[in-house]
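Please open the structure in your viewer and keep the selection panel at hand. We will go from one selection to the next, with a word on what to look for each time.

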Amino acid sequence: MSAVENALPQFSEVRLEEIRALIARYPHPRSALLPVLHMAQEDFGYLSMDVQTMVAKTLDLHLMAVREVVTFYTMFREKPCGTYLLEVCTNAGCMLNGADDLVRHLCDSLDIKVGQTTDDGMFTVAEVECAGACAGAPVVQINNAYHEKMDAAHMDAFIADAREKGGEK
Amino acid sequence: MIPSDPKKVTKICFDRIDIPDQLKLSVARENGAYKFLPTVLEKFDADQIIDEVKTSGLRGRGGAGFPTGLKWSFVPRNTGKPTYLLCNADEGEPGTFKDRDIMRFDPHLLIEGMIMAGFALGVHDAYIYIRGEFLHEANVLNEAIAEAYAANLLGDKILGTDYSMHLTVHRGAGAYICGEETALIESIEGKPGRPRFKPPFPAIEGFYRCPTVVNNVETLSTIPAILEHGGAWHAAIGKPNNTGMKIFSVSGHVNRPGNYEVPMGTTMRTLIEEHCGGLQHGTVPKVIIPGGSSTPWILAEHYDVPLTYDDLAKAGSMLGSGAVIVMDETADVVAVTRRLAHFYAHESCGQCTPCREGTGWIERVITRVENGQGCENDLQVLNDASVHMAGRTICALADGAAAPVLSLLKHFPDEVRSRLKEKSS
């Protein structure tokens with residue numbers, strides 16, 4: 001193995017076992033690409049080029065086959081985000097119930113723009129498309145968990161609580 | 001329990017939805033889950049099941065409304081290739097949130113429906129393609145599936161019969177287009193979700209070029225009741241050609257947004273006023289988007305439209321996925337159109353030029369109109385871009401993108417003009 005390959009991040013043995021079992025469930029190992037990328041993002045925080053190269057090797061795919069999937073799907077991130085990723089749905093149902101005001105409030109109170117992360121690395125604010133939970137508008141996804149009927153007070157309380165915990169999720 | 005008298009039916013997919021601990025297999029079974037499955041596996045054959053589903057009049061609940069039994073009958077037999085069943089749980093159409101409730105509150109209903117559908121179609125490997133954001137729902141399904149395997153309701157030789165079926169939950173990763181069935185197939189093959197040209201239809205060549213049926217969560221969850229009570233029973237609910245119950249996801253300016261399962265043919269007014277507690281402001285809606293953001297808008301003149309595929313088509317729109325987005329008099333319809341234009345531009349997969357370029361163009365023009373920078377000619381540009389991309393692409397995303405823009409221009413030209421930089425006289 002070359003020095004470069006040695007430097008690549010690696011899945012744990014437990015993960016590799018999980019991936020082997022996953023591959024067995026499909027007619028072709030390529031079908032495991034999206035689930036394996038989800039695992040990689042969970043394990044390494046984001047999908048750096050090194051992580052994508054490692055995923056390609058793990059599934060015996062060309063790097064380009066991985067790249068085109070990573071760049072196509074919005075949930076896959078090529079850059080790190082804050083400890084708390086605050087994704088506000090601003091599509092129709094949420095928009096009609098105050099989502100734009102909520103985004104403005106978050107950006108103002110955290111002093112960042114949409115897509116940015118606070119200097120302390122704690123919070124990233126993003127706008128997302130319809131979360132499929134419109135009865136709970138406006139919806140905020142915080143690190144993959146749905147928080148429904150959110151307003152400025154709820155979010156302020158969440159942020160204060162998160163700051164108090166000092167970055168522990 | 002669902003009554004065997006069709007006149008007394010008030011719920012099908014949501015029959016068990018309020019029972020606590022429904023996620024546990026033991027509780028689900030006490031309340032009727034998998035009760036009729038052994039009968040189906042032992043006494044029914046494939047043709048009989050497909051006939052019952054045809055007789056039921058069930059039409060696909062994901063949006064297109066294609067007759068389910070007919071879709072199943074297109075699957076060729078004895079091709080030497082495996083047949084696959086894919087459940088479409090992508091639920092991405094803005095305004096739609098019904099499948100999420102079935103999956104998180106009654107996962108065993110969907111699993112049972114998939115076993116029955118799989119048995120009818122000779123499927124041994126089935127998958128639930130669930131949108132990536134629904135992590136909680138995927139976890140709930142995985143736990144339910146694990147319990148079903150342990151009880152031999154899934155896996156090899158189900159309940160001691162000769163039928164075997166494996167079921168896997170597959171998470172998407174944030175792409176609206178993957179709700180289109182051929183894009184969904186591309187995605188579950190580990191590729192970007194770009195729709196395929198049809199024909200061949202998935203029933204002939206789908207997942208890895210094998211015969212494949214793609215059905216929506218609500219569609220599959222209706223199958224157990226149809227087989228237990230019979231196709232004729234289902235056909236007696238609702239209206240002719242528009243049979244059964246339907247879940248409507250109501251959002252926007254109503255007092256009690258949520259999912260409501262009602263008989264097909266219930267009027268829009270009844271849904272909004274009796275079930276959803278009426279509008280937040282005023283007494284008459286300004287706009288109703290009746291079937292998800294891709295369906296043409298209807299106005300107050302159609303407030304009494306019966307909720308069926310046929311009646312909404314007559315009113316110039318579509319039943320779609322049953323996602324009713326309600327706007328009262330406070331709604332800024334130009335802003336809503338701009339927001340939806342942004343959505344379609346963001347979600348266009350980019351393979352067809354009219355859609356890739358048209359959705360971006362529309363977003364730029366409607367944005368400047370919203371910001372008071374538009375001119376009279378922009379109305380023509382918006383109209384032409386919409387008309388020229390709809391129907392000229394591989395899939396229907398462009399048609400969906402055109403619907404809100406054309407609706408805005410048709411119903412609210414004065415409101416658009418009032419936002420222009422130089423007002424026309």
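The tour below goes through domains, a sheet and then cavities, all in a predicted model.

**Stop 1: the domains of chain B**

Start by colouring chain B by its domain assignment: domain 1 covers 6–236, domain 2 covers 239–327 and domain 3 covers 333–424. Now keep domains 2 and 3 of chain B on screen. Their centres, taken over C-alpha atoms, are separated by 24 Å. Where they touch, ten residues of domain 2 of chain B are in contact with 15 residues of domain 3 of chain B.

**Stop 2: an open sheet**

Next, show the strands β7, β8, β9 and β10 of chain B; they form an open sheet with mixed pairing, in the order β8-β7-β10-β9. Select 258–263 and 287–289 of chain B to highlight β8 and β9 at the edges; each has a single partner strand, so one side of each is left without a neighbour in the sheet. Looking across the sheet, you will find that the twist averages 25° from one strand to the next.

Then add helix α11 of chain B, residues 268–275, which packs on the sheet. Helix α11 touches β7, β8, β9 and β10 (323–327) of chain B, and its direction makes about 130° with that of β8(B).

Zoom in on β7 of chain B, residues 245–252. How many bridges join β7 to β8(B)? There are six, and the two strands run antiparallel. For one pairing to pick out, select Ile247(B), whose bridge partner in β8(B) is Glu261(B).

**Stop 3: the largest cavity**

Time to look for empty space. Rolling a probe the size of a water molecule over the atoms shows where such space is left. The count comes to three cavities of 30 Å³ or more, and the largest has a volume of about 80 Å³.

To see its walls, select the lining of the largest cavity, which includes Ile177(B), Pro195(B), Cys349(B), Cys352(B), Cys355(B), Cys395(B) and Leu397(B). Is this lining charged or uncharged? Its residues divide into eight nonpolar, four polar and no charged.

**Stop 4: the second largest cavity**

Finally, move to chain A and select Cys89(A), Gly93(A), Cys94(A), Cys130(A) and Cys134(A); among the 14 residues lining the second largest cavity, these lie nearest its centre. About 60 Å³ of space lies here. Which helix gives the most to the lining of this cavity? Show helix α6 of chain A, residues 92–95, which contributes three residues. The lining of the second largest cavity has ten nonpolar, four polar and no charged residues.

How values were computed. Residues are numbered from 1 along each chain as its sequence is written. Chains are lettered from A and ligands numbered from 1 in the order in which they are written. This is a predicted model: local features need pLDDT of at least 70, side-chain atom pairs count only at pLDDT 80 or more; totals for chains, interfaces and linings use all residues. Side-chain values use heavy atoms; hydrogens and water are left out. Two strands pair if DSSP finds at least two bridges between them. Helices (H or I, at least four residues) and strands (E, at least two) are DSSP runs, numbered from the N terminus. Axes are lines fitted to C-alpha atoms, for helices over the stretch in contact, and angles run from 0 to 180 degrees between N-to-C directions. Contact means heavy atoms within 4.5 Å. On a 1 Å grid over the protein atoms alone, a cavity is a set of points where a 1.4 Å probe fits but cannot get out, and a pocket is an open set with protein on both sides within 12 Å along at least five of seven lines; lining residues have an atom within 4 Å of a point. Grid points are joined across faces, edges and corners, and a volume is the space filled by probe spheres set on the points. Ala, Val, Leu, Ile, Met, Phe, Trp, Tyr, Cys and Pro count as nonpolar, Asp, Glu, Lys and Arg as charged, and the others, Gly among them, as polar. Domain bounds come from an automatic or database domain assignment.
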